[in-house]
Amino acid sequence: MWRSRVVYIFLWFCPSFGPLLFSRCQVLQLDLCGQCMTHRTLQGPIALSFLPALTTMSLKGAYRLSDAGIDLLFRSAPALLSLNLGQCSLLTHSAINFVANKLAHTLKELFIDDCQNIDAMLVLPTLKRFKCLEVLSVARIQTVCDDFIYETVTSLGSTLKELVLANCCKITDDSLKAIGSTCPSLCAIDLSDLVLLTDSALQYLANGCRSIHSLRLLSDNFSDEAIAAFLEASGNSMKHLSVNHCVKVGDDTALSISKCGRTLLTLDLSWCRNLTEDAFGMIVENCPCLCLLKVFGCKQITNRFLNGRINDRVWIIGFSGPNKILEHLDPIEPEGALRHSSVPQ
C-alpha cells in the first residue's frame, strides 16, 4: 500500500514539474505500483510529459494498466530501449502492438512475463516487428509453445542475446533445437521448470550457443552427465549458473564446474543432495571469481565445509547449520543500464 501512495503523489506532482523531472530522466522504475497505474491516472501526468532521454522503463506489477494506457505512455518516449511490463495482467497483444508502432526499430529489451492475457500466437506477428530485440522474457505465459519459439527465433535469432522461458510448460526439446540453430549470439537463457525437456535439449543448446554465460535450469529432468557435458562444451565463459532442484547433479557436474568455472560469479546448487561435502569444497576452491553460493536444502553440508574452505570471499546463502549465513536480498532489483548493450550517448 505504501508504494501505491508514493506513486499517487508522484503522479499528482507530474503536471506541474513534469518538464523538470523528466527532461533528463533515463530510467523510470515504478514496479509494483499496483492499483494506481490506470488509464485515467496516466491521461495527464507522464503522458503529457516529453521524455526525450528515457531509455529504460519498468512498470512491473501494474495490474490495472490497460492497453489504452500503454498507448498513452509511449507517445512521448522516442528513445526507449528497455521495457518491463511483467505481471501487467490486463494487457493483451494489442498493447505490444502499440509499443511496436513507436519502437519497432529501436527497442532492445522486452519483458512480458506473467502477462496472462497475452496470447503468444496473437502477439507473435508484433514481436517479429522488433528488429533490434536482444532480450525477450515470456516466462509463465502458458500459451507459449514450440511453434511460437520456432517462429520467434527464426525471425529474431540473429540479434537475441537473452531468452527467459521459465514455466512455459508446453516447450519441448524441439524449441531448444530451434534456438541452438538460430541464436548464435545467445548468452543467457532461463529454462526453469520446463517439465518436457530432456537431456537432448542441453545438447542442442551446446551445439549452437557457445557463448552462454548465464544458465538457469531448475528441473529434475536433466541427468548429471548431460549437465556436465554441456558445461564442458559451452561453460568456459559461464558467470551465473543455477541447477537448483536438479536432483541428479553429482560428481560429474561438480568436476565440470571445477574445470570450467574460472569466470563463475554466482552458483545455485540448492537441493542438489547428491553432491558430497567434498564436492562443494572442490568447487569453491577451483572457482576463484565465485562470490555467491546458494545451498538451500543441502543438508549434507556441515561446519567442516564452512570452516575449511580456502576461498573465504564466497557468500554462502542457505546453510542451515548453527552458523547460519543469510544475506538480505532485495526482491525488487533496481533498473539501470541495458543488459547486453551500452546506451547510446
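Here is a walk through this structure, from its core to its salt bridges and a couple of unusual backbone spots. Keep in mind as you look around that this is a predicted model.

Let's start on the inside. The largest nonpolar core takes in 98 residues. If you want landmarks, try Leu110, Phe148, Ile179, Ile189, Leu205 and Leu269, the residues with the most contacts inside this core. Helix α4 supplies the largest share of the core, with five residues.

Leucine 269 is a good place to pause. Which residues does leucine 269 touch, once its neighbours within four places in sequence are set aside? The list runs to Val243, Ile257, Leu275, Phe280, Ile283, Leu293, Lys294 and Cys298. One of these partners, Ile257, takes us to the next stop, helix α10.

Helix α10 covers residues 251-260. Its buried residues are Thr253, Ala254, Ser256, Ile257, Ser258 and Cys260. What do they pack against? Their partners are α9, strand β9 (240-242), strand β10 (266-268) and helix α11 (277-286). A bit of helix geometry is handy when you look at a list like that: an α-helix has 3.6 residues a turn, so residues three or four places apart point the same way.

Take serine 258, which lies in helix α10. Is serine 258 buried or exposed? Its relative accessible area is 9%, so serine 258 counts as buried. Leaving out its neighbours within four places in sequence, serine 258 is in contact with Met282, Ile283 and Asn286. Ile283 is also in contact with leucine 269, so you've now come across that residue from two directions.Helix α10 also helps to line a cavity. How many cavities of 30 Å³ or more does the model have? The count comes to one, and about 50 Å³ of space lies in it. Its lining is made up of Leu231, Gly235, Met238, Leu241, Ser256, Ile257, Cys260, Gly261 and Leu264. Helix α10 gives the largest share of that lining, three residues. Sorted by class, the lining has six nonpolar and three polar residues, and no charged ones.

Charged residues come into their own at our next stop, the salt bridges. Side chains of opposite charge can pair when their charged atoms come close. The count here comes to nine salt bridges.

Begin with arginine 140 and aspartate 114, whose closest N and O atoms are 3.0 Å apart. This pair links distant parts of the chain, 26 residues apart. Arginine 140 sits in the loop between β5 (135-137) and α6 (146-156), while aspartate 114 sits in the loop between β4 (109-111) and α5 (120-127). Both ends are partly exposed, with a relative accessible area of 27% for arginine 140 and 22% for aspartate 114.

Next come glutamate 151 and lysine 128, again a salt bridge, with the closest N and O atoms 3.0 Å apart. Glutamate 151 is in helix α6 and lysine 128 is in the loop between α5 and β5, so this pair ties together parts that are 23 residues apart in sequence. Glutamate 151 is partly exposed at 30% relative accessible area, and lysine 128 is partly exposed at 27%.

A third salt bridge joins aspartate 190 to arginine 216, with 3.3 Å between the closest N and O atoms. Here the partners are in strands: aspartate 190 lies in β7 (residues 188-190) and arginine 216 in β8 (residues 214-216), so the pair ties together parts 26 residues apart in sequence. Aspartate 190 counts as buried, at 12% relative accessibility, whereas arginine 216 is partly exposed, at 36%. Elsewhere, salt bridges that share partners join Lys108, Glu134 and Lys161 into one network.

Last, have a look at two spots in the backbone. Glutamine 87 isn't a glycine, yet it has a positive phi of about 65°. You'll find glutamine 87 in the loop between β3 (82-84) and α4 (93-103), where it is partly exposed, with a relative accessible area of 30%. Leucine 218 isn't a glycine either, and it has a positive phi of about 50°. Leucine 218 lies in the loop between β8 and α9 (224-234).

Definitions and conventions. Residues are numbered from 1 along each chain as its sequence is written. This is a predicted model: local features need pLDDT of at least 70, side-chain atom pairs count only at pLDDT 80 or more; totals for chains, interfaces and linings use all residues. Side-chain values use heavy atoms; hydrogens and water are left out. On a 1 Å grid over the protein atoms alone, a cavity is a set of points where a 1.4 Å probe fits but cannot get out, and a pocket is an open set with protein on both sides within 12 Å along at least five of seven lines; lining residues have an atom within 4 Å of a point. Grid points are joined across faces, edges and corners, and a volume is the space filled by probe spheres set on the points. Helices (H or I, at least four residues) and strands (E, at least two) are DSSP runs, numbered from the N terminus. Ala, Val, Leu, Ile, Met, Phe, Trp, Tyr, Cys and Pro count as nonpolar, Asp, Glu, Lys and Arg as charged, and the others, Gly among them, as polar. Buried means under 20% relative accessible area, exposed over 50%, partly exposed in between (1.4 Å probe, protein chains only). Contact means heavy atoms within 4.5 Å. A salt bridge is a side-chain nitrogen of Lys or Arg within 4 Å of a carboxyl oxygen of Asp or Glu. A nonpolar core is a set of buried Ala, Val, Leu, Ile, Met, Phe, Trp, Tyr and Cys residues joined through side-chain atoms within 4.5 Å.
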